[in-house]
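Got your viewer open and a selection box ready? Let's walk through this one stop at a time.

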Amino acid sequence: MKADVAIVGAELDGLVAAIRLAELGRNVAVIASAAGSLHYAAGGIHLLGYLRNGAGREEVVEPFAALARLDRSHPYSLAGAVRVREALNWSARLLSGDVGIAAGASECNELGLTPAGLRQPIWLPTAHQATIGRIDGRKTTIVRFDGHLDFPADLMLAGLKRSGIDAACIAVEPPGPHRDNPGIARNFDRMPDAATYFATIRQELPAGTEIVLMPAVLGLARHAEIVSAAQAALGMPIFEVPTLPPSVSGLRWTRSLETLLAAKSATIRKNVRIVHAERDGNRIRSISDENGRTIEAGAFVLATGGVLMGGLDVDAAGQVSETAFGLDVAQGRPLVAGSPSAILAALHCSGIETDDRLRPKLNGSGAIRNLFVTGRTLAHWHPAEEISAEGVSIVTGWMAAGCAHAVLEG
């Protein structure tokens, strides 16, 4: 198999790189061992929510202004402020369709909600995603489904009340037999008459309700249609709040991006694990999967998701290794027995060190010229602590596409 660019991994950064390369006229192949971590994403784009401040962290209000305070090795610093803005503006336009991201960018974070009802900074929520600003000051009712264990409605209710929001919760029957997140979403997709279903819910709402919150499971393929029918039947705004994984919001992202790639004639091969790379000096010539099949390309992007998704492996001695290209891994913090949070922090910050074009460094001899590393596989950032997963993934995926295109141009 041959391609202009082979992308290893189906993470958000890999899909972004593939779409951008297809826009630039390149033949792209995406090879992934499993679905990406978008299945854990709460929805929207988290750019930079917190900065470390001594032993704690401080909330970021203006994320673009805060970029200057990051370490020089952070992926945002490698990209530079100009490319960060350009990549995010491009992605907002790209995602304004089925995913429902608003195309207009902002300088400031909003306050979104976690599944536990906690407030969390988010730069660009989806059009139907609940934020404190969208519901504050209005009587709010949470609607939960009987038997739905992936949505801790009691925690959500308590969190809203702590934020000073007048909130209540009711339980209703789901629109079909399934009680898991993807199953309920498919229930909604198959529903012949959504208006009648939501009209029944309206009769159960407490008097004075002005806003309805529902778990983010209102359809996959028919999401926009279902939300529109719900708002018409209820006669008021309806917003979605995150659930526990798997995330239907993340599944919508994946479906939308993969559909776009298919329309651009990109090749997507899943359940394929890359185990070897053939190198010629400081260039990669080809990669091979576990069945011995070879993929030749002029450039490569590594988007395997770090430790979380198996792109980085940890042995019994605590040594982290990269599984596809055999790259050296930088372990910024020692991975030794200690508190769970310290071990997780060490794992999050481990990854591949690169130059300012995202090319992995070689021992004292420059960098691999046609391989670019993105997202959670990069070292020196902490997506869970910073709340920056989608932002870094988008920026580095977009940037890697541009760098790979430049290599192919010679």
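What follows is a short tour of a predicted model, with something to select at each stop.

**Stop one: the open space**

Start with the pocket. How much space lies in the largest pocket? About 780 Å³. To get your camera there, select Y40, L308, R376, A384 and A389, which are the closest to its centre among the 36 residues that line the pocket. Now colour by helix: α1, α11 (340-349), α12 (383-386) and α13 (389-409) each give the lining of this largest pocket at least two residues. If you prefer to colour by class, the lining of the largest pocket splits into 21 nonpolar, 11 polar and four charged residues.

**Stop two: the closed space**

Next, go looking for enclosed space. As a reminder of the idea, rolling a probe the size of a water molecule over the atoms shows where empty space is left. How many cavities of 30 Å³ or more does a search of the whole structure find? Three. The largest cavity holds about 50 Å³ of space.

Select A10, E11, L12, L15, A35, G36, L38, T254, E258 and K270, and you have the lining of that largest cavity. Two helices, α1 (12-23) and α10 (248-263), each supply at least two residues of it. By class, the lining of the largest cavity has five nonpolar, two polar and three charged residues.

**Stop three: α1 against α10**

Stay with those two helices and show them as cartoons. Two packed helices are described by the angle between their axes and the distance between the axes. For α1 and α10, the angle is about 25° and the axes are 10 Å apart. That makes this pair roughly parallel. The contact brings together L12, L15, A18 and I19 from α1 with W253, L257, E258, L260 and L261 from α10. Those contact residues divide into eight nonpolar, no polar and one charged. If you turn the pair to check the handedness, the crossing of α1 and α10 is left-handed.

While you are here, notice the overlap in your selections: L12, L15 and E258 are in the lining of the largest cavity, and L12, L15 and E258 also take part in the contact of α1 with α10.

**Stop four: the two ends of α10**

Zoom in on the backbone before α10. Which residues are joined by a cis peptide bond? P245 and P246, with omega about 0°. P246 sits in the loop between β10 (238-241) and α10.

Then jump to S265, in the loop between α10 and β11 (267-269). Check its phi in your viewer: S265 is not a glycine, yet its phi is positive, about 65°.

**Stop five: α8 against α9**

Last selection: residues 194-202 for helix α8 and residues 223-234 for helix α9. Are they parallel or oblique to each other? Their packing angle is about 45°, with the axes 8 Å apart, so α8 and α9 are oblique. The crossing of this pair is right-handed.

Put the side chains on as sticks. From α8 you want A194, A195, F198, A199, I201 and R202, and these meet I226, A229, A230, A233 and L234 in α9. Colour the contact of α8 with α9 by class and you get 10 nonpolar, no polar and one charged residue.

Key: Residues are numbered from 1 along each chain as its sequence is written. This is a predicted model: local features need pLDDT of at least 70, side-chain atom pairs count only at pLDDT 80 or more; totals for chains, interfaces and linings use all residues. Side-chain values use heavy atoms; hydrogens and water are left out. On a 1 Å grid over the protein atoms alone, a cavity is a set of points where a 1.4 Å probe fits but cannot get out, and a pocket is an open set with protein on both sides within 12 Å along at least five of seven lines; lining residues have an atom within 4 Å of a point. Grid points are joined across faces, edges and corners, and a volume is the space filled by probe spheres set on the points. Helices (H or I, at least four residues) and strands (E, at least two) are DSSP runs, numbered from the N terminus. Ala, Val, Leu, Ile, Met, Phe, Trp, Tyr, Cys and Pro count as nonpolar, Asp, Glu, Lys and Arg as charged, and the others, Gly among them, as polar. Axes are lines fitted to C-alpha atoms, for helices over the stretch in contact, and angles run from 0 to 180 degrees between N-to-C directions. Angles under 35 degrees count as roughly parallel, over 145 as roughly antiparallel, 65 to 115 as roughly perpendicular and the rest as oblique. A crossing is left-handed if the near helix is turned anticlockwise from the far one by less than a right angle, and right-handed if clockwise. Contact means heavy atoms within 4.5 Å.
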